[in-house]
Amino acid sequence: MERQNIRKLMRERRAQLSEIEQLEAAKKINVNIFQHFKNAKIRRVGIYLSNDSEIDTSLIIEELWRKNIKVYLPVLHPFCHGYLLFQRYEKNSPMTSNRYGILEPKLNCSQVCLVEDLDVLCTPLVAFDQQGNRLGMGGGYYDRTLAKYYREQRTKPEIIGLAHDCQHIDQLPIESWDVPLKTIVTPKKCYLW
Ligand SMILES: Nc1nc2c(c(=O)[nH]1)N(C=O)[C@@H](CNc1ccc(C(=O)N[C@@H](CCC(=O)O)C(=O)O)cc1)CN2
Ligand SMILES: Nc1ncnc2c1ncn2[C@@H]1O[C@H](COP(=O)(O)OP(=O)(O)OP(=O)(O)O)[C@@H](O)[C@H]1O
């Protein structure tokens, strides 16, 4: 199947989850992600605000704030088209809607964190496969932004895909620019490669 068809199918699949299923999934992934962090010293986490029936990250964000871990959200880069910046997100951060209708912090350069200074970066995804390959919304934003870190085989940040279990498929057709994930956390499981 073509990537575009898989994207459509998997977006439809997660869109069919009921409100109750979404809530249960959010509670379970929250437990699994903090179980995965266990005693690791984590100071800064990049994550995203859920959109398009993605697994709800709000419980995770609340818990990070409660633990005094700094939270960063993706902001579409104003000049480098197709790239993301990660900006601090606090309860009272001024927000704006981006071109996809997703809320992001209003750009403030003093609050931007370099990707290599994040301890963990949780990425959204539309589908993942048995090998940890990831398919996103099709903008190439994460692949572009993370290409350099992948090429240099950096260990920081730890990149963790967050997904519903129904986003798992056997095999994705991969492209040269795809950045495979070493960790994917779902409500049921923590996949490690
Ligand atoms: N919650 C969340 N935030 C995110 C992302 C994401 O996937 N999820 N992104 C991850 O990169 C970036 C934004 N990228 C996006 C790229 C495309 C569309 C989108 O909705 N595109 C088309 C449909 C795509 C298709 O079917 O081919 C649309 O406008 O309907 C949304 C976000 C940054 N923030
Ligand atoms: N490292 C890169 N350098 C240049 N172009 C890239 C890079 N990564 C991806 N792209 C381009 O981005 C477009 C979308 O890629 P792809 O379909 O893999 O996105 P995606 O993984 O679904 O999205 P995302 O990473 O935002 O979640 C492709 O046309 C591809 O050429």
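## Around Y48

Setting aside neighbours within four places in sequence, Y48 touches T57, L73, P74 and P124. The model is predicted, and this tyrosine is a good place to start looking at it. Y48 sits in the loop that runs between β1 (44-46) and α3 (58-66).

Is Y48 buried or exposed? Y48 has 22 other C-beta atoms within 10 Å, and 20 or more are enough for a residue to count as buried, so Y48 is buried. I102 also makes a useful landmark here: Y48 and I102 are 54 residues apart in sequence, while their C-alpha atoms are 9.5 Å apart in space.

## Surroundings of the two ligands

P124, one of the contacts of Y48, turns up again beside ligand 1. Of the 17 residues around ligand 1, those that come nearest are Y100, P124, M137, G139 and Y141. By class, this shell holds 10 nonpolar, five polar and two charged residues.

Now to ligand 2, which has 15 residues around it. The closest are G136, G140, Y142, D143 and W177. Which element gives the largest share of this shell? Helix α4 (residues 141-151) does, with five residues. The shell of ligand 2 divides into six nonpolar, four polar and five charged residues.

## How α2 meets α3

Helix α2 (residues 19-37) packs against α3 with the two axes 8 Å apart and at an angle of about 40 degrees. That angle makes the two helices oblique to each other, and their crossing is right-handed. From α2, the contact draws on A26, K27, N30, I33 and F34, and from α3 on L59, I60 and E63. Sorted by class, these residues are five nonpolar, one polar and two charged.

## Backbone details worth a look

Most residues other than glycine have a negative phi, and most peptide bonds are trans. With that in mind, here are a few places to inspect.

K38, in the loop between α2 and β1, has a positive phi of about 35 degrees although it is not a glycine. K38 is exposed, with 7 other C-beta atoms within 10 Å. D52 also has a positive phi, near 55 degrees, and lies in the loop between β1 and α3, where Y48 is found as well. D52 counts as partly exposed, with 13 C-beta neighbours inside 10 Å.

Where is the cis peptide bond that involves P157? This bond joins K156 and P157, with omega at about -5 degrees. P157 belongs to the loop between α4 and β10 (158-162).

Note on methods
Residues numbered from 1 in each chain as written. Chains lettered and ligands numbered in written order. Predicted model: local features only at pLDDT ≥ 70, side-chain atom pairs only at ≥ 80, totals over all residues. Near = placed C-beta within 6 Å. Helix = DSSP H or I, 4+ residues; strand = E, 2+ residues; numbered from the N terminus. Nonpolar A, V, L, I, M, F, W, Y, C, P; charged D, E, K, R; others polar. Buried ≥ 20, exposed ≤ 12 C-beta atoms within 10 Å, placed from the backbone. Contact = placed C-beta atoms within 7 Å. Axes fitted to C-alpha atoms, helices over the stretch in contact; angles between N-to-C directions. Parallel < 35°, antiparallel > 145°, perpendicular 65-115°, else oblique. Left-handed = near helix turned anticlockwise from the far one by under 90°.
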